[in-house]
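Please look over the model shown here and follow the report below, which goes through its sheets, its cores and the meeting of its chains in turn.

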Amino acid sequence: MSRVGGDLRYFARTALRGLITSPVTTAVSVTTIGVALVLVGAFALLISNMEGLLDRFGDDLRVTAYLEEGLDEAAMSALARRVGTVEGVIEVQVVTKDEALERFQAGVGASTGLLQALEENPLPASLEIHLAESRRTPEGMRVVVEAVDGLPGVSDLAYGQEWVDGYARVVALVRSVGLGVGAVLALATTLIVANTIRLAIFARRDELEILALVGAGRSFVATPFLAEGLIQGAAGGAVALAVLYALFRLALPEIESGLSLLLGLASPEFFDLAAMLRLLGAGGVLGLVGSAAALIQGVRG
Amino acid sequence: MTSPSGDVPRRDALVQMYHVSKSYLPGTFALRDVTLEVNKGEFVFLTGPSGAGKTTLMRLLFAAEKPSEGQIILRGRNIARLGDAAIPRLRRRIGVVFQDFKLLANRTVEENVAIALEVLGRPPREIRRRVFALLKQVGLQHRRHHRPLTLSGGEQQRIALARALAGEPELLLADEPTGNLDSELTLEIMDLIAHASARGTTVMVATHDHSLVERYGRRTLHLEAGHLKEDRPAAGPPR
């Protein structure tokens with residue numbers, strides 16, 4: 001085995017020995033990182049689902065331009081072609097007065113006698129304007145609306161702006177709170193891990209003294225501690241993932257019924273593989289940074 | 001640079017100390033103006049009462065401390081000016097043995113010795129072979145899987161000695177290596193140290209046990225209150 005191979009073997013063996021021979025400090029570190037990542041992960045899960053919800057909602061998002069009375073089909077088609085040239089518009093569909101009435105009848109049910117009582121069709125013709133994905137934001141919609149508003153033949157515009165604005169604000173708020181909470185938790189966890197590793201260093205001061213005596217360099221002494229931090233962090237990430245998944249499964253029925261009542265949208269989703277790896281990685285980085293912080297103060301070559 | 005006597009230093013000098021002082025508190029000196037030379041392969045006793053400066057002198061030699069004044073040349077290199085990064089490289093050429101053994105209680109005998117070779121980056125197979133040879137040399141090969149605390153004081157010091165010799169150091173420093181041992185075990189350890197010296201390792205042994213000095217008849221540096229009071233040449237082989 002080469003020098004590097006021998007060193008790696010030594011580092012791995014020493015790190016594992018450190019973890020096994022200090023089960024209490026190891027458990028404290030793993031739990032601390034796990035708890036912090038459960039909180040951060042819960043926020044991340046909430047944000048990703050809210051964003052997902054907005055994306056799904058965005059697929060159905062369109063601007064409806066109601067047309068003035070008296071436009072013939074040729075004028076409506078010409079107007080539709082003109083709207084179709086607006087940047088961010090991918091499709092424009094003409095809905096005539098008759099089609100609007102049919103849709104209304106289909107929506108409220110054929111048995112209603114209300115419509116039969118009307119002498120003439122009160123519904124206006126309209127253009128359904130479908131937006132490119134990049135325009136499915138409050139700002140993007142506003143640009144399209146401003147371009148269409150005031151065109152000859154357009155009497156009114158509807159696009160659920162308040163809903164979109166409100167929802168986007170909620171997502172931004174949750175994301176900011178998540179980032180803030182995440183940063184505070186990351187700092188707190190780093191300090192706790194640093195203290196835990198410092199305890200481990202103190203508990204092994206005899207070993208460090210002997211290593212220094214026999215000529216171990218700083219990196220040789222430090223690497224097993226960094227590896228310990230990395231392993232503890234990744235283990236904390238794994239614990240957080242398991243807890244989050246369990247909570248997600250337990251809370252799913254409640255969330256689903258609440259969402260279906262509110263929006264009638266699809267089920268919330270758990271992290272995908274990339275997000276899970278990111279959470280594990282975040283744990284590893286927390287552990288590594290905590291170890292490094294402790295080593296900077298604790299180890300003297 | 002000249003030797004203590006003003007002569008040009010001999011080419012086989014391994015350790016040279018020139019006007020070395022060490023002070024921990026202003027106005028007090030653990031070592032004061034010590035000048036000496038130790039040649040390659042020499043076996044030197046460092047004697048003196050407690051507080052004479054023996055341990056301080058040894059700590060200066062393996063760079064656990066820096067001198068307050070003076071120069072310490074080891075194999076032509078001034079270790080008083082070594083940076084932190086160079087200290088590990090220096091220590092890999094020096095074996096150190098202490099009165100309290102400094103062994104890891106949670107490691108086996110074999111692992112305690114192997115640690116010195118792991119630091120050197122030796123391959124695992126070579127480490128196993130070398131550790132076995134070292135333990136055989138100190139008569140502990142049959143105890144290699146034991147924990148140090150299950151062994152006697154003499155056996156523990158033999159482990160420490162095997163660890164100190166593992167990297168084939170040029171210089172072996174032993175600070176009161178037999179201070180915790182009875183007379184029979186003391187001779188056992190001293191014979192092993194003398195054996196290392198016979199194979200070319202330069203040896204410095206700090207002791208306040210005059211009977212050892214008499215018995216082995218080696219060059220003796222006597223310290224008192226931080227001053228080098230006497231440099232007595234070797235009287236002859238052990239009786």
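In this predicted model, helix H1 (residues 54–61) of chain B lies across three strands of chain B, namely strand E1 (13–22), E2 and E4, and the helix runs at about 120° to E1(B). These strands belong to an open sheet of four strands in chain B, arranged in the order E2-E1-E4-E5 with antiparallel pairing. At its edges are strand E2 (31–39) and strand E5 (77–78) of chain B, each of which pairs on one side only. Two bridges join E5(B) in the antiparallel sense to strand E4 (residues 69–74) of chain B, and Ile73(B) has Asn78(B) in E5(B) as its bridge partner.

Elsewhere in chain B, strand E6 (residues 94–98) is mostly covered, since five of its five residues are buried. The cover is found on both faces of E6(B): Ile94(B), Val96(B) and Phe98(B) are buried on one side, while Gly95(B) and Val97(B) are buried on the other. E6(B) pairs with strand E7 (residues 171–175) of chain B in the parallel sense, over five bridges, and within E7(B) it is Leu173(B) that serves as the bridge partner of Val96(B).

The two strand pairs described above can be set side by side.

| Strand pair | Sense | Bridges |
|---|---|---|
| E4(B) and E5(B) | antiparallel | two bridges |
| E6(B) and E7(B) | parallel | five bridges |

Leu173(B) appears again when the nonpolar cores are examined, for it is among the residues with the most contacts inside the largest core, which has 112 residues; Leu46(B), Val113(B), Leu161(B), Ala162(B), Leu172(B) and Ile193(B) are the others named. The largest share of this core, 13 residues, is supplied by helix H8 (residues 218–262) of chain A. What is Ile193(B) in contact with, once its neighbours within four places in sequence are left aside? Ile193(B) is then in contact with Leu172(B), Ala174(B), Pro177(B), Val203(B) and Val205(B). Apart from the largest core lies another one, of 18 residues, which includes Val83(A), Leu127(A), Leu131(A) and Val148(A).

Where the chains meet, 19 residues of chain A are in contact with 18 residues of chain B. On the side of chain A that touches chain B, helix H1 (3–21) and helix H7 (205–213) of chain A each supply at least two residues, and by class this side has eight nonpolar, five polar and six charged residues. The buried residues of H7(A) are Glu207(A), Ile210(A), Leu211(A), Ala212(A) and Leu213(A), and this helix is followed by Gly215(A), whose phi is positive, near 95°.

Taken as a whole, chain B has seven helices and ten strands, and buried residues make up 44% of its 239 residues. Of the contacts in chain B between residues at least 6 apart in sequence, 67% join residues at least 24 apart.

How far the model can be read in detail depends on its confidence values. Chain B averages a pLDDT of 89, and 94% of its residues score at least 70. Over residues 1–9 of chain B, however, pLDDT stays under 50, and for this stretch the model has ten contacts beyond four places in sequence. Where pLDDT is low, the predicted coordinates should not be read in detail. For the complex, the predictor gives an ipTM of 0.82 and a pTM of 0.68.

Key:
Residues numbered from 1 in each chain as written. Chains lettered and ligands numbered in written order. Predicted model: local features only at pLDDT ≥ 70, side-chain atom pairs only at ≥ 80, totals over all residues. Buried ≥ 20, exposed ≤ 12 C-beta atoms within 10 Å, placed from the backbone. Pairing = 2+ DSSP bridges. Contact = placed C-beta atoms within 7 Å. Nonpolar A, V, L, I, M, F, W, Y, C, P; charged D, E, K, R; others polar. Axes fitted to C-alpha atoms, helices over the stretch in contact; angles between N-to-C directions. Core = buried A, V, L, I, M, F, W, Y, C linked by C-beta atoms within 7 Å. pLDDT = per-residue confidence, 0-100.
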